[in-house]
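Let's take a walk through a protein together. Have the picture open, and turn it around as you read.

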Amino acid sequence: AFAPLRWVQGGYVLRQLRSLLLVVHKAPSPPPFLRLADGGLCENTGLLQLLTRRQQWILAVDASHDPRATLDTFRSALRLAVERRVCSFYDPACPERDIEV
């Protein structure tokens with residue numbers, strides 16, 4: 001519908017305006033660009049914010065220093081989500097059982 005203005009979509013001002021207005025892309029096809037961000041000061045994965053927004057799909061990438069692959073960064077983000085009562089986690093095989101994060 002707005003093909004002639006497609007070049008504007010990636011512009012800095014429009015990105016800032018979309019972010020300020022909390023515009024969420026809802027369409028049958030993916031957006032032409034993705035915005036990546038971390039969680040800021042409280043946790044550096046961005047998971048807490050995405051869980052708070054109740055996003056249907058979340059792709060999380062952990063680039064923290066974790067040589068033993070303990071996933072401490074993810075675990076702390078999930079613990080924080082549970083503590084703040086954003087969500088809970090359960091075992092799909094037994095949904096009544098809460099998973100300790």
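**A walk through the fold**

With a relative accessible area of 76%, Arg85 counts as exposed (exposed means over 50%, buried under 20%, and partly exposed in between, using a 1.4 Å probe and protein chains only). You'll find Arg85 in the loop between helix 3 and strand 1 (90-91). Arg85 isn't a glycine, yet it has a positive phi of about 60 degrees. Arg54 also has a positive phi, of about 55 degrees, and it isn't a glycine either. Arg54 sits in the loop between helix 2 and helix 3, and at 64% relative accessibility it counts as exposed.

Before going on, a word about what you're looking at: this is a predicted model, where local features need pLDDT of at least 70, side-chain atom pairs count only at pLDDT 80 or more, and totals for chains, interfaces and linings use all residues. Residues are numbered from 1 along each chain as its sequence is written, and side-chain values use heavy atoms, leaving out hydrogens and water.

Now step back to the whole chain. The protein has three helices and two strands (DSSP runs numbered from the N terminus: H or I of at least four residues for helices, E of at least two for strands). From the N terminus on, they run α-α-α-β-β. Of the 101 residues, 13% are buried.

So where do buried nonpolar residues gather? The largest nonpolar core (buried Ala, Val, Leu, Ile, Met, Phe, Trp, Tyr and Cys residues joined through side-chain atoms within 4.5 Å) has five residues: Leu48, Leu51, Leu80, Ala81 and Val86. Helix 2 and helix 3 (72-83) are the elements that give two or more residues to this core. In soluble globular proteins, nonpolar side chains tend to be buried together.

Zoom in on Leu48, which belongs to helix 2. Leu48 is buried, with a relative accessible area of 6%. Leaving aside neighbours within four places in sequence, Leu48 is in contact (heavy atoms within 4.5 Å) with Cys42, Glu43, Leu80, Ala81, Arg84 and Val86. Leu48 and Ala81 are 33 residues apart along the chain, but their C-alpha atoms are separated by 5.9 Å. Leu80, with residues up to four places away not counted, touches Cys42, Glu43 and Leu48.

Glu43 turns up again when you look at Thr45, in the loop between helix 1 and helix 2. The side chains of Thr45 and Glu43 are joined by a polar contact of 2.4 Å. Thr45 counts as buried, at 14% relative accessibility.

Which residues form a nonpolar patch on the surface? They are Leu17, Leu20, Leu21 and Val23, with about 400 Å² of accessible area together. One of them, Leu21, lies in the loop between helix 1 (12-20) and helix 2 (47-52), and it is exposed, at 56% relative accessible area.

Last stop: charges. Side chains of opposite charge can pair when their charged atoms come close. How many salt bridges does a search of the whole structure find? It finds one (a salt bridge is a side-chain nitrogen of Lys or Arg within 4 Å of a carboxyl oxygen of Asp or Glu). Asp91 forms a salt bridge with Arg97, and their closest N and O atoms are 3.0 Å apart. Asp91 is buried, with a relative accessible area of 18%, whereas Arg97 is partly exposed, at 46%.

Methods
Patches are made of residues with over 30% relative accessible area and no salt bridge: like charges are joined within 9 Å, nonpolar side chains (Val, Leu, Ile, Met, Phe, Trp, Tyr) within 5 Å. Accessible areas come from the Shrake-Rupley method with a 1.4 Å probe; for residues, only the protein chains shown count as cover. A polar contact is a pair of N or O atoms within 3.5 Å; within protein, one must be able to donate a hydrogen and the other to accept it, and residues adjacent in sequence count only if both atoms are side-chain atoms.
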